[in-house]
Amino acid sequence: MSNDQIDEYEQGERVRKWLRDNGGSVLGGIAIGLAAIVGFQAWQSRQDGQKLEAAKQFESFLTAQESGEAEQAAGLAASLSTNFADTPYPALAALRRSAALVNEDKTEDALKTLEAALPKTDDPTLRQLVLLRAARAELILGRHDAALARLDGVDLPAYAALREELRGDAFAAQGKRDDARAAYQQALTATDVASPTRVILELKLADAGGSTTPEA
């Protein structure tokens, strides 16, 4: 037997010995890896299925809401909050439900609906929109300081105009014309010149003693 054949034989024996000693752990590791892959795929499938089910339930909620079936809409909103808290649908349902309740002169109930949604809403955009709606409800109820406190939690640039307008409304209701005027002016600055809401803001600013005409 040549030296090359001996080397190959020894190497083969070493490989076979290593497999005898460690084969169990290797196979176990492969099994664990495969189980992890299969588990992840199953989890992803469940997540996709859950999102689809949440979307369908939200559509059912909208249909009930628009049809005036308040009891059914409330039940579907509660189900979304309980079963699909990790999706945006509970917050969206709370926003729609609260708007309907305000129109029905049930502003206190609307505020409770929004407050219940806040702890479960992690998305900053949705959370701050809920805060804006809650602040508006506080204003309707005459709770101006509470409205201002809620507005302190809104800092996204996209909501700057609405936040400052609501701040102006709160200050105006409190008789703080200077603060109201400053807030309305900031709201105007953050509002596009083509926006239809500019007219209302300009009227509010004028009522607070401000002017939209640049000084000479």
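These legends describe close-up views of a predicted model.

**View 1. The overall fold is helical, with 9 helices and 0 strands.** From the N terminus on, the elements run α-α-α-α-α-α-α-α-α. The protein has 216 residues, and 31% of them count as buried. Among contacts with a separation of 6 or more, 49% join residues 24 or more positions apart.

**View 2. The largest nonpolar core holds 29 residues.** Leu 132 and Tyr 184 touch the most other members. Seven elements are labelled here for giving two or more residues to this core: H3 (89–103), H4 (107–117), H5 (124–140), H6 (144–151), H7 (160–173), H8 (177–189) and H9 (197–207). H5 supplies the largest share, 8 residues. Another core lies apart from this one and has 11 residues. Ala 64, Ala 77, Leu 80 and Phe 84 are among the members of that other core. As a general point, nonpolar side chains tend to be buried together in soluble globular proteins.

**View 3. Tyr 184 and its contacts are shown, leaving out residues up to four places away in sequence.** Tyr 184 touches Glu 164, Glu 165, Gly 168, Asp 169 and Ala 172. Leu 201, Lys 204, Leu 205 and Ala 208 are also in contact with Tyr 184. Within the largest nonpolar core, Tyr 184 shares with Leu 132 the place of touching the most other members.

**View 4. H3 packs against H5 at an angle of about 15 degrees.** The two axes are 10 Å apart. Angles under 35 degrees count as roughly parallel, and H3 and H5 are therefore roughly parallel to each other. H3 passes H5 in a left-handed crossing. From H3, the contact uses Ala 91, Leu 92, Leu 95, Ser 98, Ala 99 and Val 102. From H5 come Leu 126, Leu 129, Val 130, Arg 133 and Ile 140. By class, the H3 contact with H5 has 9 nonpolar residues, 1 polar and 1 charged.

**View 5. H6 packs against H7 at an angle of about 160 degrees.** Their axes lie 9 Å apart. Angles over 145 degrees count as roughly antiparallel, so H6 is roughly antiparallel to H7. The crossing of H6 past H7 is left-handed. H6 brings His 144, Leu 148 and Leu 151 to the contact. H7 brings Arg 163, Leu 166, Arg 167, Ala 170, Phe 171 and Ala 173. The contact of H6 with H7 divides into 6 nonpolar, 1 polar and 2 charged residues.

Technical notes:
Residues numbered from 1 in each chain as written. Predicted model: local features only at pLDDT ≥ 70, side-chain atom pairs only at ≥ 80, totals over all residues. Heavy atoms only, no water. Core = buried A, V, L, I, M, F, W, Y, C linked by side-chain atoms within 4.5 Å. Buried < 20%, exposed > 50% of the residue type's maximum accessible area, 1.4 Å probe, protein only. Helix = DSSP H or I, 4+ residues; strand = E, 2+ residues; numbered from the N terminus. Contact = heavy atoms within 4.5 Å. Axes fitted to C-alpha atoms, helices over the stretch in contact; angles between N-to-C directions. Parallel < 35°, antiparallel > 145°, perpendicular 65-115°, else oblique. Left-handed = near helix turned anticlockwise from the far one by under 90°. Nonpolar A, V, L, I, M, F, W, Y, C, P; charged D, E, K, R; others polar.
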